[in-house]
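Please look through the structure shown below, taking the chains and their parts one after another. The paragraphs that follow go from a single helix outward to the chains, their sheets and the place where they touch.

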Amino acid sequence: MKQNVLRMKNISKSFNGIGVLHSVDFELQAGEIHALMGGNGAGKSTLMKILTGVYQLDEGEIYIDYKPVQINSTQQANEHGISMIFQEFSLVPTLTVAENVYLNKEPKTKLGLIDQQQIREKTKEILQDLQIDIDPDTEVSQLGVGYWQITEIAKALTVETKILIMDEPTSSLSKNETELLFQLMNRLKAKGIAIIYISHRMDEIFQVCDRVTVLRDGSNRLTNKIAELEMDQLIEHIVGNRVGDAFQWVERTYDHNAMPLFEVKNLSIGNKVKNVSFTIKPGEIVGLAGLMGSGRTELARGLFGLDPYQQGEIYVRGQRKDYKSPQQAIEAGVALVPEDRRTQGLILEHSIRENISLSILQSLTKGLFINTKQSNEIATEYVNKLAIKTDSINKLSGLLSGGNQQKIVIAKWLATNPNILILDEPTIGVDINAKIEIVKIIREFANLDKAVLVISSELVELLAVSDRILIMQKGEITAQHDRKNITSEEELEHAIQSF
Amino acid sequence: MQSKVSKLPVKQLLSIDWRKYMVYIAFVVVFIFFAVTLQDQGFLTTNNLLNIIRQTAIIAIMAVAMTFVIGAAQIDLSIGSIAALSALICALSLQAGIPIIFSSLIGLSTGVVIGLINGLLVTRLSIPSFLVTLGMMIIISGVAMWITHTAPVPILNDTYNFLFGGGSIGGIPILFFWMLVIAVIGHVILKKAPFGRKTLATGGNENAARFTGININRVKLLVMTASGAAAALAGMLYAGRMSSGRYTFGEGDEMSVIAAVILGGTSLFGGTATVIGSVIGSLMIGMINNGLIIMGLDVSQQNVVKGLIIILAVAFSKKAIQR
């Protein structure tokens with residue numbers, strides 16, 4: 001039996017009289033990677049905030065190395081060896097790796113000045129220990145996102161860390177960077193550090209974690225070894241009795257001989273997209289698979305008029321459309337749900353209603369003014385239709401969970417009544433319930449004889465929703481497969497990676 | 001974290017965004033304070049209250065346009081200098097015998113053109129508006145000193161002086177009506193017209209606005225131009241009130257205007273804005289000025305107190321939003 005490094009016992013917490021955690025038990029062993037899963041609102045982040053001292057518990061006890069402890073501040077959490085790697089990186093891009101690693105913990109020279117030499121050497125040691133090959137003098141802004149993550153981890157290792165919490169660490173990483181991170185996590189594990197790994201990505205959980213704890217509605221539903229579980233079982237525990245077969249592929253019917261609703265011929269954008277051609281029939285959902293950097297996002301941007309294309313033609317219902325701006329793309333009936341909802345999709349400090357109506361301001365305007373009544377009606381309609389969980393359409397969109405935010409972005413575009421809907425990573429960082437619902441929304445939209453292009457790194461989802469899958473490599477569409485001819489995720493994975 | 005809003009009135013009171021109303025609360029508090037302490041010195045007399053409006057209306061007019069500029073996450077430091085130059089050019093036009101209507105249009109277009117240049121530099125060359133308008137402020141104030149070699153230009157046209165600032169209708173200063181008209185137009189555009197929403201979208205998240213098909217450069221160009229136009233109008237009102245054009249008009253006004261807008265509840269980082277708040281913010285600064293003068297404080301003391309009150313008011317509203 002391994003040593004328990006952490007035990008959280010009967011933890012309860014409520015806000016304004018509403019219980020968020022109900023007697024949750026959570027145990028962590030030294031040298032394990034423990035997945036913490038659950039839908040949004042399940043209580044994961046509250047539990048972690050209690051552990052890191054951001055919130056104080058109402059009831060319950062915390063033991064570290066079998067000794068009861070009080071954690072009343074992040075400072076105290078650090079003293080107990082608890083470190084958290086944040087989703088939004090807390091690095092200063094204009095400083096070097098070494099300067100970031102020792103930020104606010106700088107060793108001083110006799111004169112009380114920062115000992116730059118020592119910072120550099122100590123950082124080098126940490127990096128070498130992790131077998132990571134980066135120069136500590138590199139400015140962080142020069143590094144890829146994957147290395148930002150590593151710098152964050154190095155930062156946590158400058159103090160004696162026993163427990164490392166990672167919240168969706170791979171959401172912005174490429175395949176290779178994710179691999180690198182996993183190798184690193186295994187090395188940390190071998191050093192006896194316990195890792196709490198929060199993620200919505202099933203395949204990663206199965207790949208890297210030893211045990212899993214599932215929270216639902218503020219209670220512990222399962223703690224088990226990953227190796228003893230099937231993915232279906234795990235999903236069932238997370239979503240409760242709402243297990244949908246949404247992630248099962250269903251063969252959809254549409255007229256395969258119809259005139260294409262959307263056609264792209266020989267499109268080239270910069271040096272990122274080369275000579276891309278494809279068609280989408282009315283009612284068809286086409287998936288686009290490819291590694292990060294394969295030109296997927298650049299293609300989506302070009303198809304929405306955000307970047308100019310140097311060569312090629314775009315047709316909507318057989319009519320040539322040469323749009324040069326998003327405004328013209330919208331007029332042609334094209335809509336794009338961008339890859340980053342927080343920076344590209346939403347205005348977080350504006351209400352749900354304002355965000356949804358932003359794309360249709362012109363049609364909402366009667367005379368000089370926006371028709372408030374109509375804009376309320378449309379917002380309410382979509383909040384109901386897409387099951388956006390909120391108490392009011394006037395709530396600030398930044399206060400909602402990731403899944404609900406993504407639904408607002410989708411609602412904003414459905415409101416324009418587009419013919420072609422392009423979705424770039426529509427389910428990134430959203431919980432499994434919301435994923436299931438988004439897949440359903442996409443299908444229902446396509447059923448109206450509309451064209452859909454889904455770009456996603458999550459192959460399970462791509463396989464669930466697509467009728468046809470395009471493979472993109474180094475800016476070119478290298479292959480396309482009918483969904484029914486693909487038998488497994490591995491097959492698709494292989495198709496993407498092979499050159 | 002999802003917390004359901006309870007129906008208890010206490011909860012509703014707690015859930016009000018106090019930042020939005022801070023300026024109104026502060027306004028009332030300061031007003032009552034002066035009304036009580038300066039009762040015998042005539043703070044509450046009609047004459048004095050009208051005086052406050054007279055002194056504040058011009059700042060308020062610029063603040064209305066600045067609300068759009070800051071709402072779009074831009075800034076305009078050149079308004080004070082635009083006011084001076086427009087006043088001078090309008091005065092020179094009147095002196096040359098050009099009819100009021102054309103003289104005022106010439107004055108107005110001075111501001112429009114400068115605002116447009118500001119906007120073009122911001123959008124075409126992607127220079128931050130802070131730097132563009134800082135440079136423009138220095139250039140324009142230089143030009144204003146240059147064209148008459150710092151000499152004032154008297155305005156002998158009584159109709160002009162009546163319409164642009166000097167006159168009263170039914171005892172109410174005409175400046176009040178100017179302020180009212182501009183404030184109503186500004187408020188309606190910000191809250192009801194598509195342009196207002198596009199402005200706030202651009203200021204709230206430029207990227208998302210662009211991804212939604214909003215022409216963000218057009219928005220920036222228009223807010224900068226509107227700001228130039230409002231500054232020109234302000235300058236012409238100064239000219240009417242003083243029966244002359246002077247290069248010193250509007251000196252330091254940019255800071256008073258920005259303070260009034262922020263005090264009113266508009267976010268310095270864009271995305272949320274209120275025209276009514278900006279007008280109340282301007283009135284409050286005017287009222288504080290007035291009260292302090294009546295109290296007998298000299299200019300140096302007035303400045304110290306004014307600065308303190310601005311910092312306090314903003315600090316309170318920050319506190320309120322953190323709850």
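In this predicted model, helix H13(B) is largely enclosed by the rest of the structure, because 16 of its 21 residues are buried. The helix covers residues 275-295 of chain B, and at 1.5 Å a residue it should span 30 Å, which agrees with the 30 Å that lie between its end C-alpha atoms. Just after H13(B) comes Gly296(B), whose phi is positive, at about 95 degrees.

The chain to which this helix belongs, chain B, has 14 helices and 4 strands. Its radius of gyration is 20 Å, close to the 20 Å that the globule rule gives for 323 residues, so chain B is as compact as a globular protein of that length. Taken along the principal axes, the box filled by its C-alpha atoms is roughly 70 × 60 × 35 Å, and 50% of the 323 residues of chain B count as buried. Among the contacts in chain B with a separation of 6 or more, 80% are made by residues 24 or more positions apart.

Chain A can be described in the same terms. There are 18 helices and 22 strands in chain A, and the radius of gyration of this chain is 24 Å, close to the 23 Å that the globule rule gives for 499 residues, so chain A is as compact as a globular protein of that length. The box that holds its C-alpha atoms is roughly 70 × 55 × 50 Å along the principal axes, while 47% of the 499 residues of chain A count as buried. Of the contacts in chain A with a separation of 6 or more, 69% come from residues 24 or more positions apart.

The strands of chain A deserve a slower look. Strands of a sheet pair through backbone hydrogen bonds, and this pairing is either parallel or antiparallel. One open sheet of chain A is formed by 4 strands in the order E2-E1-E4-E5, and the pairing in it is antiparallel. Its edge strands are E2 (18-29) and E5 (67-69) of chain A, each of which pairs on one side only, and from one strand to the next the twist averages 25 degrees. Within this sheet, strand E1 (residues 4-15) of chain A is joined by 5 bridges to strand E4 (residues 59-64) of chain A, and the two run antiparallel; Leu6(A) has Ile64(A) in E4(A) as its bridge partner.

Another open sheet of 4 strands in chain A has the order E12-E11-E14-E15, again with antiparallel pairing. Strand E12 (273-280) and strand E15 (319-320) of chain A stand at its edges with a single partner strand each, so one side of each is left without a neighbour in the sheet. Strand E14 (residues 311-316) of chain A is joined to E15(A) by 2 bridges, and these strands run antiparallel, with Val316(A) standing opposite Gln319(A) in E15(A). Helix H9 (residues 296-303) of chain A packs on the sheet, where it touches strand E11 (262-269) and E12 of chain A, and the direction of the helix makes about 65 degrees with that of E12(A).

Parallel pairing appears around strand E13 (residues 285-290) of chain A, which runs parallel to E20(A) and to E21(A). Because 6 of the 6 residues of E13(A) are buried, the strand is largely enclosed by the rest of the structure. Ile285(A), Gly287(A) and Ala289(A) point one way from E13(A), whereas Val286(A), Leu288(A) and Gly290(A) point the other way, and all are buried. With strand E20 (residues 451-455) of chain A, E13(A) shares 4 bridges, and the bridge partner of Val286(A) in E20(A) is Leu453(A). With strand E21 (residues 468-473) of chain A, E13(A) shares 5 bridges, and Gly290(A) stands opposite Met472(A) in E21(A).

It remains to see where the two chains meet. The contact takes 31 residues from chain A and 23 residues from chain B. On the side of chain B that touches chain A, helix H9 (194-204) and helix H10 (206-211) of chain B each supply at least two residues, and the largest share, 6 residues, comes from H9(B). By kind, the residues of this side of chain B divide into 8 nonpolar, 10 polar and 5 charged.

Key
Residues are numbered from 1 along each chain as its sequence is written. Chains are lettered from A and ligands numbered from 1 in the order in which they are written. This is a predicted model: local features need pLDDT of at least 70, side-chain atom pairs count only at pLDDT 80 or more; totals for chains, interfaces and linings use all residues. The radius of gyration is taken over C-alpha atoms; the globule rule is 2.2 Å times the number of residues to the power 0.38. A residue is buried if 20 or more other C-beta atoms lie within 10 Å of its own, exposed if 12 or fewer, and partly exposed in between; C-beta atoms are placed from the backbone. Two residues are in contact if their C-beta atoms, placed from the backbone, lie within 7 Å. The expected span of a helix is 1.5 Å times one less than its number of residues. Two strands pair if DSSP finds at least two bridges between them. Axes are lines fitted to C-alpha atoms, for helices over the stretch in contact, and angles run from 0 to 180 degrees between N-to-C directions. Ala, Val, Leu, Ile, Met, Phe, Trp, Tyr, Cys and Pro count as nonpolar, Asp, Glu, Lys and Arg as charged, and the others, Gly among them, as polar.
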